[in-house]
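Welcome! Take a moment to look over the protein shown here before reading on.

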Amino acid sequence: MPLVGQSLSIRTDILSPGYIRGLASLQDKVPAFDSKVAKQILEEEWGRPVDSVLSKISDEPVAAASLGQVYKATMKDGTEVAIKVQRPNISDQIALDMHLLREFAPVAKRTFNLNTDTVGTVDAWGAGFVDELDYIQEAENGKYFMKKIQETPLKDVVIAPTVVDDLSTSSVLVTEWIDGQRLDQSSSEDITVLCSICMNTYLTMLLELGLLRTWKT
Amino acid sequence: MRLSSLLLGATSASAFVAPRQSHLEASKNVPPTHSLRISLDDGISAVSGATAKISEQLSTLSTFAKPLDAVATTFDVIGALDSINELIDTTYQKDLNAILSEFKALFTETNMLESELGTYLSNVSKEIDQWLLNQNPSVESLYNQILSQITTIKLDSPEVLAVSAFITYTIVTSILTWDQPPPPSKPYPLERYDPIAAQVYFNDKPLQAISRGLEISLKSLKFALSLLKDTIE
C-alpha cells in the first residue's frame, strides 16, 4: 500500500498540492524497520560479519522508503558508500496486497462504472513493484544507463552512482556515496537549470535509451 | 495440509457428537414433536411482534427530515445540527432504548428456540445411532473407543460457528483440490510477478488474506472519512 501512495505522490494531475505534500513523505520517510534486523540481513547476504567489510556504518538509516532503507557507511579502504537494504518479507507483503487489489479491481470497475481495464492496471503496477525488488537488476540497469548516457551530450552532467558489485545482492545494493539534495527541497540558485537538465534527461531516456531510472545531476 | 484438514474435520465432528451425547444424558424427558411445533409457533409469533414494534419505532425517525428540509431554505446547517441533537436527547434516546429492549427480547426468544431445536435434533440423532448399531452390533465397541479417544472441543456458540465454518471450508477445499498439485511454497515462485500463482497460494491461506483485507479496508475508511471532513471544512 505505501507503494501505491508513493506512485500517487507524483501525480499532480490527479491530486491537489496538499495531498501531494502528504504522500511525498512515502518516498523517503516511511517508518524504518529495526537496524539490528538490517545488519542481520547484511551478514546473511554477505556471508560474513558487517565489521569485516565496513569500518563504520550509521546506527540508523539516513532514509527509509517502502521497499528498503539506506545506510551511510565507510568501507575498510575508506570509500564512503550507500547501502540499501530491502525490507524483510517485502515480497510476500507485496504479493498479498496485489492479490487483494486484483480481487477488488473488477468490483471497483462495476461499482464506479470505470471505463478502464482495472485488472490490467493492477497487473502493470504489480509487475513494476516486483521488478523493483531485484537489486541485481537495478545495479545492471544503472551500469547500462551510465554506458548509454556517455554517448549523449549529457555525459558530463548526469551520472549514476558506481555499484560495488562484490557486495551487491538481490536484497542489498551498495553504491558509492554521493552528497546531494532533492530538487524539490533545494534552495540553490541553479534550480531552474537543473530542472531543465532533468527534463532533458527524462526525454533522452524515454525516446533514445528506452530506459527510465533515477540518476543524479 | 489435506491430512491435517481431515483430522481437524474429524475433530470438529466430535465437537458436535460430544455435546450431543452429554446433552442426551442430561435430558430425561424427550419433548414430543407436536410440542416442538407449539414452541416454534410461539417463537415465530414473538419474533413477528418484536419486529413490528421495532418498525414502528424506526418510523418515528423520519422526523429527522424536518431539520434537513430547513437547511434548503435557510442554509442554516449549524441550526439544523442543533435541532437534530435536541431531537436525539429528548425523543430518540427514549425510542432507541425501547428498540434495544425489543432486540434483547428477540435474542432471548431465538436462544430459546435454538435450545428446543437442539434437544429435538439430539434425540433424533440418538435414535439414528441406535438403529445403526442395531444393524451392526459389532461396531459398538469401536464406536465407543473412537468417541473416548477424540478430544472434544467445548466452545461457546459464536466460536463453534466460526471454527466450524473455517474447518468446513478447509475440508471442502481439500476435497475439491484433491487431484491438483500442492500450492506453491511462495506467492511468486519464479521471483517475477505472477498473479495466478499468488491466487493459488493465498487461496490456501484465507485467514491471512481476510485479516489483511480488513486492515486495508479500515485504513481506507479512515482516509475516506478524513477526506470527507476536509471537504466539509
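The briefing below moves from the overall fold to two surface patches and then to one strand residue. Please keep in mind that this is a predicted model. Chain A has 217 residues, and 39% of them count as buried. Its secondary structure comes to seven helices and five strands.

**The overall fold**

- If you follow chain A along its sequence, the helices and strands appear in the pattern α-α-α-β-β-β-β-α-α-α-β-α.
- Take the contacts in chain A between residues at least 6 apart in sequence: 53% of these join residues at least 24 apart.
- Chain A exposes about 12,400 Å², and carbon and sulfur atoms supply 54% of that area.

**A negative patch on the surface**

- Four residues, E43(A), E44(A), E45(A) and D51(A), form a negative surface patch.
- To find E43(A) in the structure, look in helix α3 of chain A, which covers residues 35-46.
- E43(A) has a relative accessible area of 36%, so this residue is described as partly exposed.
- That value also fits the patch, because patch residues need over 30% relative accessible area and E43(A) is at 36%.

**A nonpolar patch on the surface**

- Elsewhere in the sequence, F104(A), V107(A), F112(A) and L114(A) make a nonpolar surface patch of about 370 Å².
- F112(A) belongs to helix α4 of chain A, which runs over residues 90-112.
- Is F112(A) buried or exposed? It counts as exposed, because its relative accessibility is 56% and the cut-off for exposed is over 50%.

**A buried residue in a strand**

- Now turn to T175(A), which is found in strand β5 of chain A, spanning residues 172-176.
- T175(A) counts as buried because its relative accessibility is 13%, and buried means under 20%.
- Which residues is T175(A) in contact with, leaving aside its neighbours within four places in sequence? They are V81(A), A82(A), P161(A), T162(A), V163(A) and V164(A).
- You can also compare positions along the chain and in space: T175(A) and K84(A) are 91 residues apart along the chain, while their C-alpha atoms are separated by 8.5 Å.

**To look at again**

- For the surface, try locating E43(A) in helix α3 and F112(A) in helix α4.
- For the buried part, go back to T175(A) in strand β5 and pick out its contacts, including V81(A) and V163(A).

Terms used: Residues numbered from 1 in each chain as written. Chains lettered and ligands numbered in written order. Predicted model: local features only at pLDDT ≥ 70, side-chain atom pairs only at ≥ 80, totals over all residues. Heavy atoms only, no water. Patch = residues over 30% accessible without salt bridge, like charges linked within 9 Å, V, L, I, M, F, W, Y side chains within 5 Å. Areas by Shrake-Rupley, 256 points an atom, 1.4 Å probe, with all protein chains shown as cover. Salt bridge = Lys/Arg side-chain N within 4 Å of Asp/Glu carboxyl O. Lys, Arg positive; Asp, Glu negative; His and termini not counted. Charge placed at Lys NZ, Arg CZ, Asp CG, Glu CD. Helix = DSSP H or I, 4+ residues; strand = E, 2+ residues; numbered from the N terminus. Buried < 20%, exposed > 50% of the residue type's maximum accessible area, 1.4 Å probe, protein only. Contact = heavy atoms within 4.5 Å.
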